[in-house]
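Please find my note on this model below. The points run from the overall fold to single residues.

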Amino acid sequence: MLMAHPVVLRNLIEQYETLKVLGAEDGGDEVRRRMDDLAYTLCVSTGTRDVDTALIAARHRLPGARPEDDSVLTA
């Protein structure tokens, strides 16, 4: 499976969570479509089937997410 770059994952997480905090699911069609697109992209990027699992998997892949992570990548 191809793995999304941590910077891409962080960006997707931030966009999705920002729209969720702003109550985008109650917004117009375009905003809801953007949230659906982000959820789909997160799922594809993490190999999962629902957005909650995708968010957990994406966060787990970010540098520093695990104590033993010795990644030199910065996001």
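The numbered points that follow concern a predicted model.

1. Overall fold. The protein chain contains 3 helices and 0 strands, and its pattern along the sequence is α-α-α. Of its 75 residues, 28% are buried. Among contacts with a separation of 6 or more, 47% join residues that lie 24 or more positions apart.

2. Length of H2. Helix H2 covers residues 29-46, which is 18 residues. At 1.5 Å a residue it should span 26 Å, and its end C-alpha atoms are 26 Å apart, so the expected and modelled spans agree. Gly-47 comes after H2 and has a positive phi, near 70 degrees.

3. Buried side of H2. Which residues of H2 are buried? They are Met-35, Leu-38, Ala-39, Leu-42, Cys-43, Ser-45 and Thr-46. These buried residues pack against two helices, H1 (6-21) and H3 (51-60). The next three points take the helix pairs in turn.

4. H1 with H2. A helix pair is described by the angle between the two axes and by the distance between them. For H1 and H2, the axes come within 10 Å and cross at roughly 145 degrees. The crossing is left-handed. On the H1 side the contact involves Leu-9, Leu-12, Ile-13, Gln-15, Tyr-16, Leu-19 and Lys-20. On the H2 side, Val-31, Arg-34, Met-35, Leu-38, Ala-39, Thr-41, Leu-42, Ser-45 and Thr-46 take part. By class, the residues of this contact are 10 nonpolar, 4 polar and 2 charged.

5. H2 with H3. The axes of H2 and H3 are 9 Å apart, and the packing angle is about 55 degrees. The two helices are therefore oblique to each other. Their crossing is left-handed. H2 contributes Ala-39, Leu-42, Cys-43 and Thr-46 to the contact, and H3 contributes Val-51, Ala-54, Leu-55, Ala-57 and Ala-58. The residues of the contact of H2 with H3 comprise 8 nonpolar, 1 polar and no charged.

6. H1 with H3. How are H1 and H3 placed relative to each other? Their axes come within 10 Å and cross at roughly 140 degrees, which makes H1 oblique to H3. This crossing, too, is left-handed. Leu-9, Ile-13, Tyr-16 and Glu-17 of H1 meet Val-51, Leu-55, Ala-58 and Arg-59 of H3. The contact of H1 with H3 has 6 nonpolar residues, no polar ones and 2 charged ones.

7. Thr-46. This residue belongs to helix H2. Is Thr-46 buried or exposed? Thr-46 counts as buried because its relative accessibility is 3%, and the cut-off for buried is under 20%. Thr-46 is among the H2 residues in contact with H3, and it also appears in the contact of H1 with H2. Its C-alpha atom is separated by 6.2 Å from that of Ala-57, although the two residues are 11 residues apart along the chain. Ala-57 is itself one of the H3 residues in the contact with H2.

8. Ser-45. Another residue of helix H2 is Ser-45. With a relative accessible area of 14%, Ser-45 is buried. Leaving aside residues up to four places away in sequence, Ser-45 touches Leu-2, Ala-4, Leu-9, Leu-12 and Arg-61. Leu-9 and Leu-12 are also listed for H1 in the contact of H1 with H2.

9. Arg-61. Arg-61 sits in the segment after H3. A relative accessible area of 24% makes Arg-61 partly exposed, since buried means under 20% and exposed means over 50%. Arg-61 and Thr-46 are 15 residues apart along the chain, with their C-alpha atoms separated by 9.0 Å. Arg-61 is also one of the residues touched by Ser-45.

10. Ile-56. Which state, buried or exposed, applies to Ile-56 of helix H3? At 59% relative accessibility, Ile-56 counts as exposed. From C-alpha to C-alpha, Ile-56 is 9.3 Å from Thr-46 in space, and the two are 10 residues apart in sequence.

Notes. Residues are numbered from 1 along each chain as its sequence is written. This is a predicted model: local features need pLDDT of at least 70, side-chain atom pairs count only at pLDDT 80 or more; totals for chains, interfaces and linings use all residues. Side-chain values use heavy atoms; hydrogens and water are left out. Helices (H or I, at least four residues) and strands (E, at least two) are DSSP runs, numbered from the N terminus. The expected span of a helix is 1.5 Å times one less than its number of residues. Buried means under 20% relative accessible area, exposed over 50%, partly exposed in between (1.4 Å probe, protein chains only). Contact means heavy atoms within 4.5 Å. Axes are lines fitted to C-alpha atoms, for helices over the stretch in contact, and angles run from 0 to 180 degrees between N-to-C directions. Angles under 35 degrees count as roughly parallel, over 145 as roughly antiparallel, 65 to 115 as roughly perpendicular and the rest as oblique. A crossing is left-handed if the near helix is turned anticlockwise from the far one by less than a right angle, and right-handed if clockwise. Ala, Val, Leu, Ile, Met, Phe, Trp, Tyr, Cys and Pro count as nonpolar, Asp, Glu, Lys and Arg as charged, and the others, Gly among them, as polar.
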